[in-house]
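This report introduces a protein structure to a reader who has not met it before. Please look over the sequence and the structure below before reading on.

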Amino acid sequence: MYPVGNLFIPAPHGQLEAILKEPRDVTVPRAAALVLHPHPLHGGTMHNKVVFRAARALNEAGLVTLRLNFRGTGQSTGTHDYARGEQTDARVGLDYLTHAYPNLPLLLAGFSFGARVGLEVGANDQRVAALIGIGTPVNMYDFTFLRPARKPLLLVHGERDKFGDADRLRALAAQLPAEARVQVVIIPEAGHFFDGQLDELTRAIREWTTATLAELHA
């Protein structure tokens with residue numbers, strides 16, 4: 001049998017393989033979050049350890065989480081589309097959460113390539129209340145699409161991330177509007193995959209999410 005919580009979501013190209021997990025110890029989830037994985041052509045899947053830990057942090061903050069495999073990854077149909085079709089996949093994930101949890105605020109988190117996809121989708125989707133970028137690859141992609149955004153944004157980053165210079169990330173954050181209330185957390189000595197420092201990553205996401213949801217519910 002397929003494990004409990006695993007599902008297939010209909011998509012224009014067929015289906016998206018996904019994992020849905022509700023938080024423990026809460027009667028009603030505080031929000032719902034879509035968590036997106038790193039580059040599929042370099043081994044990225046929804047089972048990536050950073051994605052798993054990010055989802056766990058969000059669960060610990062009282063959120064239901066949905067991880068999915070982008071097109072052409074795992075048992076998701078379709079083929080890789082260089083961040084274009086993957087944005088459609090992210091919107092399919094948001095559609096699922098909207099229908100399954102219609103009264104909950106939505107957050108969108110992504111790691112690496114998932115941050116590239118998710119931040120653009122989330123910045124432009126009115127259903128998304130807050131954004132999280134993890135290991136945001138500012139050396140690889142143009143993130144100026146974030147400039148008009150007015151949503152709370154957390155950027156968690158390793159000091160030694162080879163795909164995103166920390167100073168370049170800080171410069172991007174400084175260009176965003178004050179209404180976005182951007183928080184940048186640089187984890188000292190950490191690389192792109194936060195090896196040996198996943199606890200720090202988890203704590204940063206959990207604490208920011210808890211505080212942000214308190215503001216959204218106020």
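The sections that follow describe one helix, the salt bridges, the nonpolar cores and a loop of this predicted model.

## Helix H1

Helix H1 covers residues 49-60. Its 12 residues, at 1.5 Å a residue, should span 16 Å, and the end C-alpha atoms are indeed 16 Å apart, so the expected and computed lengths agree. At the start of the helix, a side-chain oxygen of Asn48 comes to within 2.8 Å of the backbone nitrogen of Val50. Just after the helix, Gly62 adopts a positive phi of about 100°.

Which residues of H1 are buried? They are Val50, Val51, Arg53, Ala54, Ala55, Ala57, Leu58 and Asn59. The elements that cover them include strands S2 (14-21), S3 (31-36), S4 (63-68), S5 (106-111) and S6 (128-134), together with helix H5. Two residues of the helix that take part in salt bridges, Arg56 and Lys49, are instead partly exposed: Arg56 has a relative accessibility of 36%, and Lys49 has a relative accessible area of 36%.

## Salt bridges

Side chains of opposite charge can pair when their charged atoms come close. The structure holds 13 salt bridges. One of them joins Asp195 and Lys49, with a distance of 2.2 Å from N to O. Because Asp195 belongs to the loop between S8 and H5 while Lys49 belongs to helix H1, this pair ties together parts that lie 146 residues apart in sequence.

Another salt bridge joins the side chains of Arg56 and Glu60, at 3.8 Å from N to O. These two residues are 4 residues apart in helix H1, so about one helical turn separates them. An α-helix has 3.6 residues a turn, so residues three or four places apart point the same way. Glu60 is partly exposed, at 43% relative accessibility. Arg56 and Glu60 are also linked with Arg206 in a network of salt bridges.

A further salt bridge connects Arg127 with Asp95, whose closest N and O atoms are 2.6 Å apart. Arg127 lies in the loop between helix H3 (113-124) and S6, and Asp95 lies in helix H2 (residues 85-100), so the pair ties together parts that are 32 residues apart in sequence. Both partners are partly exposed: Arg127 has a relative accessible area of 31%, and Asp95 has a relative accessibility of 32%.

## Nonpolar cores

In soluble globular proteins, nonpolar side chains tend to be buried together. Which members of the largest nonpolar core touch the most other members? Among its 43 residues, these are Leu34, Leu119 and Leu146. Helix H3 gives the most to this core, with 6 residues. Apart from neighbours within four places in sequence, Leu34 is in contact with Leu66, Leu68, Ala90, Gly93, Leu94, Leu97, Leu107, Leu108 and Ala109. A second, separate core has 29 residues, including Val51, Ala54, Ala55 and Phe111. Val51, Ala54 and Ala55 also appear among the buried residues of H1.

Val121 is located in helix H3. This residue is buried, with a relative accessible area of 3%. Not counting residues up to four places away in sequence, Val121 touches Gln87, Ala90, Arg91, Leu94 and Leu108. Ala90, Leu94 and Leu108 are contacts of Leu34 and of Val121. By contrast, the C-alpha atoms of Val121 and Pro23 are separated by 24 Å, the two residues being 98 residues apart along the chain.

## The loop between S8 and H5

The loop between strand S8 (183-187) and helix H5 (198-217) contains Glu189. Phe194 is placed in the loop between S8 and H5 as well. Glu189 has a positive phi of about 70° although it is not a glycine. Phe194, likewise not a glycine, has a positive phi of about 55°.

Are these two residues buried or partly exposed? Glu189 is partly exposed, with a relative accessible area of 48%, whereas Phe194 is buried, at 0%. The loop between S8 and H5 also holds Asp195, the partner of Lys49 in the salt bridge described above.

Terms used: Residues are numbered from 1 along each chain as its sequence is written. This is a predicted model: local features need pLDDT of at least 70, side-chain atom pairs count only at pLDDT 80 or more; totals for chains, interfaces and linings use all residues. Side-chain values use heavy atoms; hydrogens and water are left out. Buried means under 20% relative accessible area, exposed over 50%, partly exposed in between (1.4 Å probe, protein chains only). The expected span of a helix is 1.5 Å times one less than its number of residues. Contact means heavy atoms within 4.5 Å. A polar contact is a pair of N or O atoms within 3.5 Å; within protein, one must be able to donate a hydrogen and the other to accept it, and residues adjacent in sequence count only if both atoms are side-chain atoms. A salt bridge is a side-chain nitrogen of Lys or Arg within 4 Å of a carboxyl oxygen of Asp or Glu. A nonpolar core is a set of buried Ala, Val, Leu, Ile, Met, Phe, Trp, Tyr and Cys residues joined through side-chain atoms within 4.5 Å.
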